Structures are given as C-alpha cells and as structure tokens.
Amino acid sequence: MNKRASQEWSGRTDGMPWMLKSLIWLLKHLPLEIMYGFVDVLVLFYWLFSREARKSQYRLFRLRLGWERKESIRASYKNMRQFGRAIMDRFAVYAGKQFTINIENEEWVNKSCQTGLPLVILTGHTGNFELAGYFVSPHGKKMQVLLYSGEKEVVLHNRAKFFAENGINILFALSDMNYLFEINNTLNNGQVLGLFADRVFGSAKTLTVPLLGKETQLPQGPFKVALLHEAHRCAMFAMKTGRYEYTIVTTPLQGKTPQALAEEYAQAVGDVVKRYPHQWYNYFNFWKD
C-alpha cells in the first residue's frame, strides 16, 4: 500500500453547509491543539448528560477490562474526548492538516495487494479507519468501502470525494441493494473490499463470539461476504498514536467459515482494544450487560 503524510486538496467547500465551512476555515487558520480544546469542553457536557453512552464506556473499562471504579469513570470521559478528537481529525484533513501514517504488517499488506486475489479488510468502530482511507491507497488496486451512515448527503458526498482522490470508492448500503453488485464485481476483479463488521443492523443474522471475556453478537453478513471468493483477509484498525500520527494495526485472518472468521476478527478487536482502550467507539450496551 502507498502512504502519504498529507492529503493534497483544493480546499473547496462548494455545497457544504455554512457550519462545516466555518469549521474547516477554523481548522485552516488555527492550530489543531486549539480545536482539540474546544472539542474537549463540548465532550465534557456530552459526557455529563448522555447517561447511556457514559454507562456503555464505563462497562467496557470496569467489566471487560477489569479496571477500578474511579479509573473506569475517568476513562469513560477520556474515551469520549478521544472520539471527539478523531472526528476533528477527519475535518482537519479537509483543511489540509498533515498526519503521519504507520502500517503494521505492511509487507503482508503489500504482498496481498500484488496478487491476483482480492483483499478483504474487516474493520469496525475502533480507531479512525475512515481517516486512514484518506492517506492509504491500495497498491495498484481499486478499493471499495461499504458504509452504513445516516449523515446528510452533502457530508457523504465530500467523504466520497476525498476517498476517490486516493483511489478508494465508498459504497453506501441503501435499500435499492445495488451495492451488492458492486461488492461482487470488486471480488471478481481481485480488488480490495473494506467492510465494517462490528455492529448489527435491524434483524440481521448474527454470529455469537467471545470478545473481551464475554459473548456478544456480530453481524453475519460481512463474514459471509468475505468468504464468497478466494481472497486475502485481514482485520485492520487505524489507531491514533500521536497528535499528528496514526498507526494502522493489521492482523491477517485465516478462518474458513463465517463463525471461525468472526471469532478471529473478535480476537483482533479485543487485542487492539487492550492496546488502545480509549479508542473503542461503540456507544451502546454492546454486551447487553
């Protein structure tokens, strides 16, 4: 894969709502540290008044990671603060801010992209995978990333535009199901497919897996899709490791059935959460405690 320390962009904000234009203008003209300060204050209010989100993170630290009570309370705020900064980093890219990207298992990723087989990347809401997509492009291959999102169309348009400039296309899981044809074409053509595999939507079929010491449910779909064709497969997460630095944690996966693949993926998620505990961004009762 290719990696770049910064994203070249014209900085145009045509069609963006005025609030987004204002945010990008501020990010262009103010140090990122100052913007982080604003986010930290806003997140404090969210942490105080969003009981369910606060409880979900407390459960992670207290029940799954075994931290002490006071430490878990503090960590629940630090987690939300880190999430706010991750969101700010995405918009900072729009404003031309520079980040350094490091890739673990980079040799394996490069070799996988140089074969005729597709590469299936299973990721999730741990770390900031979307930001990595702005900087890391598949080596000589096209990449499709399937997203489920309720954001406004103009935001989705600009996200898709940024990915496209780096050889990456966003597929949106819409009701017309056309994205299924795109997925099949991507795999048939030996390209790269990115799938978010950690959240269950609606009445989707699920797989039960152990994650951080307790069983939970993952959506069956991404793991079935990953096994539709002979392919290289990995779990991949982009973790913030410095103010202007991200590390892409890559774990090759070998499972031959959806259940085995889901269990491997869950193990990879657990490992990365233990390394970067404040970057787990699922704000609901994930384990149904």
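A residue counts as buried when its relative accessible area is under 20%, and aspartate 89 of this predicted model is therefore buried, since its relative accessible area is 0%.

**View 1. Aspartate 89 within helix α4.** Aspartate 89 belongs to helix α4, which comprises residues 69-94. Its side chain forms a polar contact, at 2.5 Å, with the side chain of tyrosine 246. When neighbours within four places in sequence are set aside, the residues in contact with aspartate 89 are Leu32, Tyr36, Phe99, Asn128, Leu131, Lys240 and Tyr246, so that Tyr246 appears both in this list of contacts and as the partner in the polar contact.

**View 2. The second largest pocket and its lining.** The second largest pocket holds about 510 Å³ of space. Its lining is made up of 18 residues, of which Val39, Leu42, Gly84, Ile87 and Met88 are the closest to the centre of the pocket. Two or more lining residues are contributed by each of the helices α1 (18-29), α2 (32-49) and α4. By residue class, the lining of this pocket consists of 16 nonpolar residues and two polar ones, with no charged residue.

**View 3. Helix α10 and its buried residues.** Helix α10, spanning residues 258-275, contains 18 residues, and the distance from its first C-alpha to its last is 26 Å, close to the 26 Å expected at 1.5 Å a residue. The buried residues of α10 are Leu261, Ala262, Tyr265, Ala266, Ala268, Val269, Gly270, Val272 and Val273. In an α-helix there are 3.6 residues a turn, so residues three or four places apart point the same way.

Conventions
Residues are numbered from 1 along each chain as its sequence is written. This is a predicted model: local features need pLDDT of at least 70, side-chain atom pairs count only at pLDDT 80 or more; totals for chains, interfaces and linings use all residues. Side-chain values use heavy atoms; hydrogens and water are left out. Helices (H or I, at least four residues) and strands (E, at least two) are DSSP runs, numbered from the N terminus. Buried means under 20% relative accessible area, exposed over 50%, partly exposed in between (1.4 Å probe, protein chains only). A polar contact is a pair of N or O atoms within 3.5 Å; within protein, one must be able to donate a hydrogen and the other to accept it, and residues adjacent in sequence count only if both atoms are side-chain atoms. Contact means heavy atoms within 4.5 Å. The expected span of a helix is 1.5 Å times one less than its number of residues. On a 1 Å grid over the protein atoms alone, a cavity is a set of points where a 1.4 Å probe fits but cannot get out, and a pocket is an open set with protein on both sides within 12 Å along at least five of seven lines; lining residues have an atom within 4 Å of a point. Grid points are joined across faces, edges and corners, and a volume is the space filled by probe spheres set on the points. Ala, Val, Leu, Ile, Met, Phe, Trp, Tyr, Cys and Pro count as nonpolar, Asp, Glu, Lys and Arg as charged, and the others, Gly among them, as polar.
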